[in-house]
Amino acid sequence: MSKILREGGCLCGAIRYRIEGEPFDADYCHCLMCQKSIGAVFGAWMDVKLEQMSWLKGKVTEFASSESVRRGFCQQCGCSLTYRHTQYPDYLTLTIASLDNPSSIKPNYHIYTDNQVRWLTIEDNCKRYPQGRST
C-alpha cells in the first residue's frame with residue numbers, strides 16, 4: 001500500500017513542504033486575525049502532526065500575532081503558510097490553499113462564524129461554531 005504524500009509551498013517557490021498521511025483535522029476560520037493575516041474573508045486550514053511534516057526547501061518567517069500564536073509566511077512573497085499555537089508543540093496548522101492540490105483536503109467545520117462577513121453565503125453541511133470549537 002502506498003503512502004499518501006502531499007506537497008505544497010508558497011507563491012514564489014522559495015518554501016516547499018511535504019506531508020505524509022492525512023491531516024488529523026481541517027477547518028474554515030472566520031476570525032479577524034485570520035482575515036487580516038491571510039488577506040481573505042476566511043482561511044482554510046489543516047492540522048498535521050510534526051512527524052508528518054518535512055520542509056523540502058526554505059523556511060517560514062514567523063510573526064507573533066498574539067502571546068501564544070505564531071503565523072508563518074514566506075519572507076520573499078508574503079504568502080501565508082502556517083499557524084502555530086505554542087501550547088500545542090506537537091502539531092502544525094497549514095493553509096490548505098498552499099497545497100499543490102488544495103482540492104484534496106476538505107474542511108470539516110467553521111469556527112468564529114460570529115465574524116463571518118455578512119455578504120458571504122456558504123452552503124455546506126459543516127458544523128458551525130460562533131467562536132472557537134472549544135468555547
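**Exercise 1. In this predicted model, determine which side chain of opposite charge is nearest to R71, and which polar contacts the side chain of R71 makes.**

*Solution.* Step 1: R71 is buried and has no salt bridge. The nearest side chain of opposite charge belongs to D27, and the distance is 9.7 Å. A salt bridge would need a side-chain nitrogen of Lys or Arg within 4 Å of a carboxyl oxygen of Asp or Glu, so D27 does not qualify.

Step 2: Polar contacts are examined next. The side chain of R71 is joined to that of S37 by a polar contact of 3.2 Å. With the side chain of S65, R71 makes a polar contact of 3.1 Å.

Step 3: The setting is then described. R71 belongs to strand β7, which covers residues 69–73. Neighbours within four places in sequence being left aside, the residues in contact with R71 include C31, M33, C34, W45, F63 and Y83. S37 and S65 also appear among these contacts of R71.

**Exercise 2. Establish how many residues of β3 are buried, and which of them point one way and which the other.**

*Solution.* Step 1: Strand β3 comprises residues 25–29. Five of its five residues are buried, so β3 is largely enclosed by the rest of the structure.

Step 2: The directions are assigned. D25, D27 and C29 point one way from β3, whereas A26 and Y28 point the other way. The residues on both sides are buried.

Step 3: D25 serves as a closer example. Its relative accessible area is 11%, which means that D25 is buried, since the cut-off is under 20%. The side chain of D25 makes a polar contact of 3.1 Å with the side chain of N108. Beyond its neighbours within four places in sequence, D25 is in contact with W45, M46, D47, N108, Y109 and R133.

**Exercise 3. Trace the pairing of β3, β4, β9 and β10: in which sense does each pair run, and over how many bridges?**

*Solution.* Step 1: β3 and β4 run antiparallel and are joined by five bridges. Within this pairing, D27 stands opposite W45, and Y28 stands opposite A44.

Step 2: β3 also pairs with β10, here in the parallel sense and over three bridges. The bridge partner of D27 in β10 is Y109.

Step 3: From β4, the path continues to β9 (residues 91–95) through five bridges in the antiparallel sense. V48 stands opposite L92 in β9.

Step 4: The burial of β4 completes the solution. Five of the seven residues of β4 (residues 43–49) are buried, so this strand is largely enclosed by the rest of the structure.

**Exercise 4. Give the order of the strands in the open sheet that contains β1, β2 and β5, and state which are the edge strands.**

*Solution.* Step 1: The order is β1-β2-β5, with antiparallel pairing. β1 (5–9) and β5 (53–57) are the edge strands, each pairing on one side only. On average, neighbouring strands of this sheet are turned by 25° against each other, direction ignored.

Step 2: One pairing is inspected. β2 (residues 16–20) and β5 are joined by four bridges, and R16 stands opposite K57 in β5.

**Exercise 5. Describe the backbone of Y112 and decide whether this residue is buried, partly exposed or exposed.**

*Solution.* Step 1: Y112 lies in the loop between β10 (109–111) and β11 (127–128). Although Y112 is not a glycine, its phi is positive, at about 55°.

Step 2: With a relative accessible area of 26%, Y112 is partly exposed.

Terms used. Residues are numbered from 1 along each chain as its sequence is written. This is a predicted model: local features need pLDDT of at least 70, side-chain atom pairs count only at pLDDT 80 or more; totals for chains, interfaces and linings use all residues. Side-chain values use heavy atoms; hydrogens and water are left out. Two strands pair if DSSP finds at least two bridges between them. Helices (H or I, at least four residues) and strands (E, at least two) are DSSP runs, numbered from the N terminus. Axes are lines fitted to C-alpha atoms, for helices over the stretch in contact, and angles run from 0 to 180 degrees between N-to-C directions. Buried means under 20% relative accessible area, exposed over 50%, partly exposed in between (1.4 Å probe, protein chains only). A polar contact is a pair of N or O atoms within 3.5 Å; within protein, one must be able to donate a hydrogen and the other to accept it, and residues adjacent in sequence count only if both atoms are side-chain atoms. Contact means heavy atoms within 4.5 Å. Lys and Arg count as positive and Asp and Glu as negative; His and the chain ends are not counted.
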